[in-house]
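Here is a short report on the open and enclosed spaces of one protein chain. Overall fold and one residue of interest follow.

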Amino acid sequence: MNAPTLPSDDVDPEARRRQIAEREAAWPVTYDRFAGVAMATGVPKPDLPDVVWFATVAEILAKIAVNAEEVAQRMSALHPSHPEHEAAMALIRDAERGGIHVAFDHLQALTQGDDEEVRPTSIAEYDGLFRSIPLPPSAADLDQDTAFARMRLAGPNPMTLARIERVPDGVSLTEADVARAASALAAAGHDIAGCELGAALHDGRAFAADYRALHGVAGGRWGRWDKHLYGPVALFFTVGRARTLLPVAIQPAPGAPLVTPADGEAWRVAKTMATVADGNVHQAVSHLAHTHLVLEAVTLAVRRGLAEQHPVARLLEPHFQGTLYINDAADTKLAAPGGGVDAVMGGPIAFSRSAAAQGVADWSFRGTMLENDLRARGLDDRAALPEHPYRDDALLVNGAIRRWVEGYLRTWYRTDAALAADDELQAMFRWLGAPEGGRLRDVPLPATVADLVDAVTHVIFTASAQHAAVNFPQLPIMAYAPAFPLAGYDPAADPATTSLFDLLPPIGQAHYQATLGTLLGSVHHTVLGEYPRHLLHNFAGDPRIDAHLTAFQADLREVERLIGQRNAARPPYPFLLPSRIPQSINI
C-alpha cells in the first residue's frame with residue numbers, strides 16, 4: 001500500500017483520478033432506504049466485518065441462546081402451554097453462516113410463545129427473564145427519583161435535557177406545584193435547598209426533557225398487543241448544596257395536569273411514560289440517526305471522494321470499519337417490518353424509520369460538535385449543573401482525540417495554504433453537504449487547518465465515543481424492561497388511574513427487549529487508539545506519526561485513570577472509559 005500522500009505531492013495525478021473514479025463506482029449511493037438519507041446500495045467487500053467480530057458476536061449469541069432455553073424451561077413449568085425452544089442453538093449455527101442478519105431473525109424466534117402469557121403482576125416476573133445472563137444493574141434502583149434524573153445525564157440518551165429560562169409554553173408549573181414536589185423530595189431524604197421555581201429559573205438551575213413531539217403518534221402493534229407512545233415533558237432542578245439534579249414535575253401530555261413527586265403511584269406512572277418517550281427518541285434519533293446514519297454519509301463521502309492514499313482517508317478508515325455492514329442489517333432486518341424495532345418500540349415501524357430519516361435531516365454537523373451542543377443546551381455551566389457524567393467524560397475523550405488529530409493533520413498541512421490547495425479534500429466536504437451528495441446540514445468547508453481539526457475530531461468522536469455512549473447502555477440499563485420500557489401498553493395512560501403494570505410490557509415483549517439489549521450492548525470490537533498495522537496498513541510505523549500516536553495512547557490511559565477516579569466517587573458511568581470505546585460503529 002502506498003504511503004499517505006496529498007494530491008499536490010502525488011507523482012501520478014492521473015492514476016489518482018482514475019482511482020477515485022473507481023471508488024465512486026464501487027460505493028454507489030441511494031436515497032431510497034431510509035427515505036432521503038444517503039446510504040450505500042449494498043455492502044462492498046471491504047466493509048464486511050473481520051473474523052474476530054464474527055467470533056465476538058457468536059459468543060454473545062451463545063449466551064443469549066442458553067439464557068433463552070432456561071427462560072423457556074421456567075415459563076413451561078409455570079405455564080404448561082408455553083412452548084420450549086428445542087432448537088435455540090440453531091441461532092449460533094445459522095449466525096455463523098448468515099451473520100448478524102440471520103441472528104436478528106432468530107432473536108424473535110427465541111421469544112415466540114411468550115406473547116401468549118398473562119401480563120406480569122410483579123417485578124419478579126421480569127427478573128425471571130435473566131437466568132444465565134445476569135440481572136442488569138438498572139434493576140437495583142427502580143422508582144428512585146435520583147435514578148430517573150440520572151438517566152438524563154448518564155443514561156442511554158443524554159442528548160435531550162436542556163436548560164430552560166422560563167416554564168415551557170403550555171406547561172402550568174407554579175410555585176405551589178414546586179412546593180408540593182419539594183415537600184415530597186425532602187420527606188424522601190433529599191437536600192432540597194433552592195427548590196423554588198423563581199430561584200431555579202433565575203439561577204439557571206431549571207432543566208427540561210421535552211418529548212411533546214411524540215404526542216399523537218399512532219401506536220404500533222405486535223402479535224395481539226397494542227403499543228403506545230406518550231408525549232410528556234419532564235422538569236428538573238438542581239438543588240441542595242451539591243446541586244443534585246432532581247425531577248420536580250411531569251406533564252404526561254399537552255394540556256394534561258402536572259404530576260409531582262407528591263402524587264404517589266401517579267408519579268411512578270408519569271416517570272415511566274417519560275422513559276418510554278426517551279427510549280423511542282434514543283433509538284430512532286440519538287442512536288440510529290445521529291451516529292449510524294450520519295456516519296454512513298461520511299463514510300461514503302471519504303470512500304468516493306478521497307484517494308485511498310490521502311492522509312485524511314488513512315486516518316479515518318479504521319473509524320468506518322463495519323459501519324456499512326451493521327447499517328445494512330439495521331435497514332433490512334432490525335428496523336424492517338417484523339424486526340426487533342417493530343417488536344419492542346412504541347410506534348409502528350414506519351414511524352421509527354421516518355423519525356430516523358428526519359433525525360438525519362435535522363442533524364447539524366457544526367451544531368452537534370460536542371462543545372457546541374453542550375453550550376446550545378445550556379449544559380456547560382458547571383456551577384448550575386456540577387455533575388454530568390456524559391458531559392464530563394466526553395470532554396476528556398474529545399480532548400484526547402483532538403490533540404491526536406491535530407498532530408496527525410499538521411504533519412501534512414503545515415499551513416492553511418496547503419489545505420486550501422487540496423482540491424480533493426475540499427470537493428469531498430462539498431459532496432458531504434450537497435443535495436446530490438451526503439445531504440448533511442451545516443457541513444464546514446475547512447478554510448484553515450484548525451477548521452479541519454474540528455471536523456475530523458467530530459467524525460472520530462461520533463464514530464467512537466458518541467456511539468459508545470448511546471449504544472452500550474442497552475445492556476445494563478435498557479435490557480431490563482421495568483427500568484426502561486420502550487413502549488407503553490395502556491392507551492390512555494392517565495397517571496391518576498393507570499397502574500404501573502398496565503403500562504409495562506407483556507413478558508414476551510420484555511424478553512425480546514432483553515435479548516436485543518444483550519446483543520447490541522455487548523459487542524465491544526476494537527479499542528479506540530489502537531490502529532493494527534497488520535490489518536489496516538494505514539500509518540502505523542510512520543516515524544512522522546509515531547510520536548503523536550504514542551501521545552494519544554498515553555492521553556487515553558490518563559483519561560481512563562481519571563474516569564476511574566470519578567467512578568469511585570459516583571454511581572459508575574463506564575460507557576466512555578477509553579478501554580470500552582470501539583474505534584467504529586460496528587454493532
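Met159, Val281, Val285, Ser286 and His290 lie nearest the centre of the second largest pocket, whose lining counts 27 residues. The model is predicted. The volume of this pocket is about 680 Å³. Its lining divides into twelve nonpolar, eleven polar and four charged residues. Four helices each supply at least two lining residues: α8 (265-305), α12 (349-362), α13 (370-376) and α17 (449-471). Of the elements, α8 gives the most, with six residues.

Next, the enclosed spaces. The chain holds four cavities of 30 Å³ or more. The largest cavity is lined by 30 residues. Nearest its centre lie Gln283, Leu334, Val341, Gln474 and Leu520. Helix α8 again comes up: six residues from α8 make it the top contributor to the largest cavity's lining. At least two residues each come from α8, α10 (323-334), α11 (340-344), α12 and α19 (507-520).

The second largest cavity is lined by Val298, Val302, Leu316, Phe365, Met428, Phe429, Leu432, Ala455, Val456 and Val459. Two or more of these residues come from each of α8, α16 (423-433) and α17.

The table sets out the volumes and lining classes of the two cavities.

| Cavity | Volume | Lining by class |
|---|---|---|
| Largest cavity | about 400 Å³ | 19 nonpolar, ten polar, one charged |
| Second largest cavity | about 60 Å³ | ten nonpolar, no polar, no charged |

Now the chain as a whole. It contains 21 helices and eight strands. The C-alpha trace spans about 75 × 60 × 45 Å along its principal axes. How does the radius of gyration fit a compact globule, and what is the value expected for 587 residues? The expected value is near 25 Å; the chain has 24 Å, which agrees. Of the 587 residues, 60% count as buried. Contacts between residues at least 6 apart in sequence are 77% made up of pairs at least 24 apart. The exposed surface is about 21900 Å², with 55% supplied by carbon and sulfur atoms.

Last, one residue in the segment after α21 (543-568): glutamine 583. Is glutamine 583 buried or exposed? Its relative accessibility is 2%, so glutamine 583 counts as buried, the cut-off being under 20%. Beyond its neighbours within four places in sequence, glutamine 583 contacts Pro318, His319, Ala463 and Ser464. Its contacts also include His525, Thr526, Val527, Leu528, Gly529, Glu530 and Tyr531.

Methods:
Residues are numbered from 1 along each chain as its sequence is written. This is a predicted model: local features need pLDDT of at least 70, side-chain atom pairs count only at pLDDT 80 or more; totals for chains, interfaces and linings use all residues. Side-chain values use heavy atoms; hydrogens and water are left out. On a 1 Å grid over the protein atoms alone, a cavity is a set of points where a 1.4 Å probe fits but cannot get out, and a pocket is an open set with protein on both sides within 12 Å along at least five of seven lines; lining residues have an atom within 4 Å of a point. Grid points are joined across faces, edges and corners, and a volume is the space filled by probe spheres set on the points. Ala, Val, Leu, Ile, Met, Phe, Trp, Tyr, Cys and Pro count as nonpolar, Asp, Glu, Lys and Arg as charged, and the others, Gly among them, as polar. The radius of gyration is taken over C-alpha atoms; the globule rule is 2.2 Å times the number of residues to the power 0.38. Buried means under 20% relative accessible area, exposed over 50%, partly exposed in between (1.4 Å probe, protein chains only). Contact means heavy atoms within 4.5 Å. Accessible areas come from the Shrake-Rupley method with a 1.4 Å probe; for residues, only the protein chains shown count as cover.
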